[in-house]
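Visitor: I would like to go through this model with you, one topic at a time. Could you begin with the vocabulary needed to discuss the strands?

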Amino acid sequence: MRVLISVDMEGISGIVHPTETNPDRYDYEHGRALMTAEANSVIAGVLDAEPAAEVWVADAHGPFRNLLPEKLDRRARLVRGKPRPMGMLAGIDDRTDAVLLVGYHARAGRGPAVLAHTMNDGILDVRVAGRSLGEIGLNAAMAGHLGVPVVLLSGDDSACAELCELVPSAVTVAVKQALGQGAAVALHPEEARERLRRAAAEAVTRHERVSPLILAGPLEVEVDLCAPFTVDLATLVPGVSRGEGGRTVTFTAADFADTYRLVLLLAQLATIKPA
């Protein structure tokens, strides 16, 4: 069995503030340690259930260089750094049997939800065939395009509900209850890790009963961008047009892989500031 564990940071137990998730802020090193420990719990759970499994871990937060390599379970392979193919799902391929999303957060505009956003602060919403998708939905659908189910998600209660709406048979672990964008009632980190280990074992054991999220093309996609300057840049990309209003761009994608790649590009364009 081959498994990909994609690890974000905002949905880790105890984390509620950007000072814990941004490399230039004072509490970031503590956040990294919490993130690595939760990843290790999920690795352990997978291997409890499937001792011969090949486990890949994708560092999927911000710069993709957050997990502490020397502290990560040595039985797993770590994918880190950017830019890279498949973004938050780097390491997935047609041999992958299951994806587990750890430390994920809700999409922009959903709440109450801890540190909710979609890719970065430059994207306000992504709608695929009229359905609003954040990082949870985008990654679940990209995995589904390859025939791979998302079998587990951990994060706050809002993030868990978001996956359940898309993949009802997946296992979820709410490690905190959101009170707002920067506040939550969190499990003790050790309690969260124990629950994650048990849930990961359960999720991989029953992975064949979870259907992949498949959004068949062609797909009409709308992306609301925060900055009009980003809209100007986006319309330089072949196939991308202005939508209604001053903040929306639209495009038609042949399949979800094209959708995913172009949304990743738009997220990168959203980081560019006017000269």
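Guide: Two strands are said to pair if DSSP finds at least two bridges between them. Please keep in mind that this is a predicted model.

Visitor: Then what is the sense of pairing between β7 and β8?

Guide: Strand β7, residues 150-156, and strand β8, residues 171-180, are parallel, with 5 bridges between them. L153 stands opposite T172 in β8.

Visitor: Which helix belongs to the unit with β7 and β8?

Guide: Helix α3, residues 157-166, forms a right-handed β-α-β unit with β7 and β8.

Visitor: And how many bridges join β8 to β9?

Guide: There are 4 bridges, and β8 and β9 (residues 183-186) run antiparallel. The two strands form a hairpin with 2 residues between them. G180 stands opposite A183 in β9.

Visitor: Let us move to the start of the chain. How many residues of β1 are buried?

Guide: In strand β1, residues 2-7, 6 of its 6 residues are buried. R2, L4 and S6 point one way from the strand, while V3, I5 and V7 point the other way.

Visitor: Why do they split into two sets like that?

Guide: Side chains in a regular strand alternate between the two faces of the sheet. In β1, both sets are buried.

Visitor: Which strands does β1 pair with?

Guide: β1 runs parallel to β2, joined by 6 bridges, and I5 has V57 in β2 as its bridge partner. From β1 the chain crosses through helix α1, residues 28-49, to β2 in a right-handed β-α-β crossover. β1 also pairs with β4 in the parallel sense, over 5 bridges. In that pairing, V7 stands opposite V102 in β4.

Visitor: A change of topic: how many disulfides are there?

Guide: A search of the whole structure finds 0 disulfides.

Visitor: Why is there no bond from C160 to C164?

Guide: The sulfur of C164 is the closest cysteine sulfur to that of C160, but the distance is 6.7 Å, which is too far for a bond. The cut-off for a disulfide is 2.5 Å between the sulfur atoms.

Visitor: Is C160 buried or exposed?

Guide: C160 counts as buried because its relative accessibility is 5%. C226, by contrast, is partly exposed, with a relative accessible area of 36%.

Visitor: Now the backbone. Which peptide bonds are cis?

Guide: One of them joins K82 and P83, with omega about -5°. P83 is found in the loop between β3 (76-79) and β4 (98-104). Another runs from G217 to P218, with omega near 0°. P218 lies in the loop between α4 (189-205) and β10 (219-225).

Visitor: Why point these out?

Guide: Most peptide bonds are trans, and most residues other than glycine have a negative phi. Positive phi values are therefore worth listing as well.

Visitor: Which residues other than glycine have a positive phi?

Guide: F64 is one of them, with phi near 60°, and A129 is another, with phi of about 55°. F64 is in the loop between β2 (54-59) and β3, and A129 is in the loop between β5 (123-128) and β6 (131-132).

Visitor: Are F64 and A129 buried or exposed?

Guide: F64 counts as buried, at 8% relative accessibility, whereas A129 is exposed, with a relative accessible area of 59%.

Visitor: What lies over the face of F64?

Guide: K82 lies over the face of F64, at 4.5 Å from the ring centre. K82 is also joined to P83 by the cis bond mentioned above. In addition, R2 of β1 lies over the face of W56, at 4.3 Å from the ring centre.

Visitor: And how many aromatic pairs are there?

Guide: The count comes to 0 aromatic pairs, where the ring centres would have to lie within 6.5 Å.

Visitor: Finally, the whole chain. How many helices and strands does the protein chain have?

Guide: The protein chain has 6 helices and 12 strands. Buried residues make up 57% of its 275 residues. The C-alpha trace spans about 50 × 40 × 30 Å along its principal axes.

Visitor: What radius of gyration does the protein chain have?

Guide: The protein chain has a radius of gyration of 18 Å. This agrees with a compact globule of 275 residues, for which a value near 19 Å would be expected.

Key: Residues numbered from 1 in each chain as written. Predicted model: local features only at pLDDT ≥ 70, side-chain atom pairs only at ≥ 80, totals over all residues. Heavy atoms only, no water. Buried < 20%, exposed > 50% of the residue type's maximum accessible area, 1.4 Å probe, protein only. Right-handed = clockwise from strand over helix to strand, strands pointing away. Phe/Tyr/Trp six-rings, centres within 6.5 Å; stacked < 30°, edge-to-face > 60°. Lys NZ or Arg CZ within 6 Å of the ring centre and 35° of its normal. Rg over C-alpha atoms; globule rule 2.2 N^0.38 Å.
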